[in-house]
Amino acid sequence: MNNPQHHLLERLFQLDKHGTDVRTELLAGLTTFLAMCYIVIVNPLILSETGMDMGAVFVATCISAAIGCLVMGLLANYPIALAPGMGLNAYFTFAVVKGMGVSWQVALGAVFVSGIIFILFSFFKVREAIVNALPMSLKMSIAAGIGLFLALIALKGAGIVIDSPATLVKMGDFYVENNGAKLPNWPVLLTFLGFAMVIVLDYFRIRGAIILTILALTGIAAALGLTEFKGVAGQIPAIAPTFMQMDFSGLFNISMISVIFVFFLVDLFDSTGTLVGVSHRAGLLVNGKLPRLKKALLADSTAIVAGAALGTSSTTPYVESAAGVSAGGRTGLTAVTVGVLMLACLWFSPLVQSVPAFATAPALLYVGVHMLRSAADIDWNDITEAAPAFLTIVFMPFSYSIADGIAMGFISYAVIKLLCGRAKDVPPMVWAVALAWAAKFWFLGA
């Protein structure tokens, strides 16, 4: 083919070598985009709970995702898309800002610093060493615990789980009292409807199951007068309210160092696991290893730093990239396509601002389902592995803190192995982290 555009794309992405073509890669990119574009709605809604300007966060979400996708596609040539991560945005909002009383500016500073650490660790291959050193049970339980944490946030936000003086929490009502009449509690009912919808759409492999569900619930909510429909397209919001607003002055204490560690650790497992898992599905591993891993990790790290500067929580590779791989995506052209489509989302801010908070609850529950599946890879037959994993999983939702769940997992792993005479099974990295968390609890409390 003498098409100059084909030669350029061939040179950039080696399409022929990977047995693919431009049309396949573009369709794969569209497939991945439809599977993950819900984040441009969900992320601003979650982060706006901190007091951040929703329009600015929306722009930061789109641009940081585009930067991550473009760097991943052009530098590492992998069909893996990036965007602000689910779980990390919840930790940013509900644990750090609302839970610890830290300003969102300081929290952005923590994300920025974690990204810088990622970049340094990526160059010196420390990330790979850490991932390989930690036990599988701790890695998998962290993902599963975050799944339950997201589920609790969704149920609480929709009013399905409410507080109770007698039992701490209880189930919310399906109706509300109004002048003696019982009326439907629409946020609760529509959340259940949305969850059923997204599961059915996923079962029948309908592309864009999450975004279709969010838009359907928004339409129903607008018809019922539960939200104001502000249109579909419009002017791009200003990013100034969040751009370069990081505050580093509040980072120099043990509590915030632990926050930086959690941002680092959660994204470490999330990004590495996604990169390897999606690449394995695409047949891109060589002798079980990922070629150009350093470039892929650098794309992830760069996106984190850029995202913090723009005004959003940590950016990470998306497991939804597997949808594009299943559609034939094999090169970075798939990721670049997602990046371009993310930029195109910038003109749809009125639609995003029309979405009520409860319309995103089914998406959080759906993501929680997939994250909880990680628990299947824990060795439940070995009680010294199962018990720390169990504590990690349950402490995240019950303490409403991803950090406390990780802390209890590391501490209990070291203590249980020691008391059972299996101290040699505990990697030095786990000992170091467990002692650091124990010291933090002893001197500073939870």
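1. A residue counts as buried when its relative accessible area is under 20%, and as exposed when that area is over 50%. Ala-81 has a relative accessible area of 1%, so Ala-81 is buried. The model discussed here is a predicted one.

2. Where does Ala-81 sit? Ala-81 belongs to the loop between α4 and β1 (82–84). Setting aside neighbours within four places in sequence, Ala-81 is in contact with Thr-32, Met-36, Cys-69, Thr-316, Pro-317, Tyr-318, Ser-321 and Val-338. A further pair to look at is Ala-81 and Asp-300, which are 219 residues apart in sequence, while their C-alpha atoms are 9.8 Å apart in space.

3. Helix α3 is mostly covered, with 9 of its 9 residues buried. The buried residues in α3 include Ile-39, Pro-44, Ile-46 and Leu-47. Two of these names return in the contacts of Thr-93, a residue of helix α5. Thr-93 touches Ile-46, Leu-47, Glu-49, Thr-50 and Lys-98, not counting residues up to four places away in sequence. Is Thr-93 buried or exposed? Thr-93 has 0% relative accessibility, so this residue counts as buried.

4. How many salt bridges does a search of the whole structure find? The search finds 4 salt bridges. As background, side chains of opposite charge can pair when their charged atoms come close.

5. One salt bridge joins Glu-49 and Lys-98, with 3.3 Å between the closest N and O atoms. The pair links distant parts of the chain: Glu-49 is in the loop between α3 (39–47) and α4 (54–76), Lys-98 is in helix α5 (residues 88–100), and the two are 49 residues apart. Glu-49 is partly exposed, with a relative accessible area of 41%. Lys-98 is likewise partly exposed, at 46% relative accessibility. Both Glu-49 and Lys-98 are among the residues that Thr-93 touches.

6. Another salt bridge forms between the side chains of Arg-422 and Asp-382, at 3.1 Å from N to O. Arg-422 lies in the loop between α18 (402–419) and α19 (428–444), and Asp-382 in the loop between α16 (361–372) and α17 (383–398), so this pair ties together parts that are 40 residues apart in sequence. The partners fall into separate classes of exposure: Arg-422 is partly exposed at 26% relative accessibility, whereas Asp-382 is buried, with a relative accessible area of 16%.

7. Lys-417 forms a salt bridge with Glu-385, the closest N and O atoms being 2.9 Å apart. Because Lys-417 lies in helix α18 and Glu-385 in helix α17, the pair ties together parts that are 32 residues apart in sequence. Lys-417 counts as buried, at 0% relative accessibility, and Glu-385 is buried too, with a relative accessible area of 13%. Salt bridges with shared partners also join Asp-382, Arg-422 and Asp-425 into one network.

8. The second largest pocket has a volume of about 350 Å³. It is lined by 18 residues, and those closest to its centre are Glu-49, Phe-94, Ile-153, Gly-157 and Ala-357. Glu-49 is also a partner in the salt bridge with Lys-98. Which helix gives the most to the lining of this pocket? Helix α8 does, with 5 residues. At least two lining residues come from each of α3, α5, α8 (136–158) and α16. By class, the lining has 12 nonpolar, 3 polar and 3 charged residues.

9. Strand β4 (residues 175–178) pairs with strand β5 (residues 181–184) in the antiparallel sense, over 4 bridges. Within this pairing, Leu-183 of β5 is the bridge partner of Val-176. The two strands β4 and β5 form a hairpin with 2 residues between them, and Asn-179 in the turn has a positive phi of about 55°.

10. Positive phi values are also found at Leu-168 and Arg-205. Leu-168 is not a glycine, yet its phi is positive, at about 75°. Leu-168 is placed in strand β3 (residues 168–171) and counts as exposed, at 67% relative accessibility. Arg-205, also a residue other than glycine, has a positive phi near 55°. Arg-205 is placed in the loop between α9 (186–203) and α10 (209–223), and at 75% relative accessibility Arg-205 counts as exposed.

Technical notes:
Residues are numbered from 1 along each chain as its sequence is written. This is a predicted model: local features need pLDDT of at least 70, side-chain atom pairs count only at pLDDT 80 or more; totals for chains, interfaces and linings use all residues. Side-chain values use heavy atoms; hydrogens and water are left out. Buried means under 20% relative accessible area, exposed over 50%, partly exposed in between (1.4 Å probe, protein chains only). Two strands pair if DSSP finds at least two bridges between them. On a 1 Å grid over the protein atoms alone, a cavity is a set of points where a 1.4 Å probe fits but cannot get out, and a pocket is an open set with protein on both sides within 12 Å along at least five of seven lines; lining residues have an atom within 4 Å of a point. Grid points are joined across faces, edges and corners, and a volume is the space filled by probe spheres set on the points. Ala, Val, Leu, Ile, Met, Phe, Trp, Tyr, Cys and Pro count as nonpolar, Asp, Glu, Lys and Arg as charged, and the others, Gly among them, as polar. Contact means heavy atoms within 4.5 Å.
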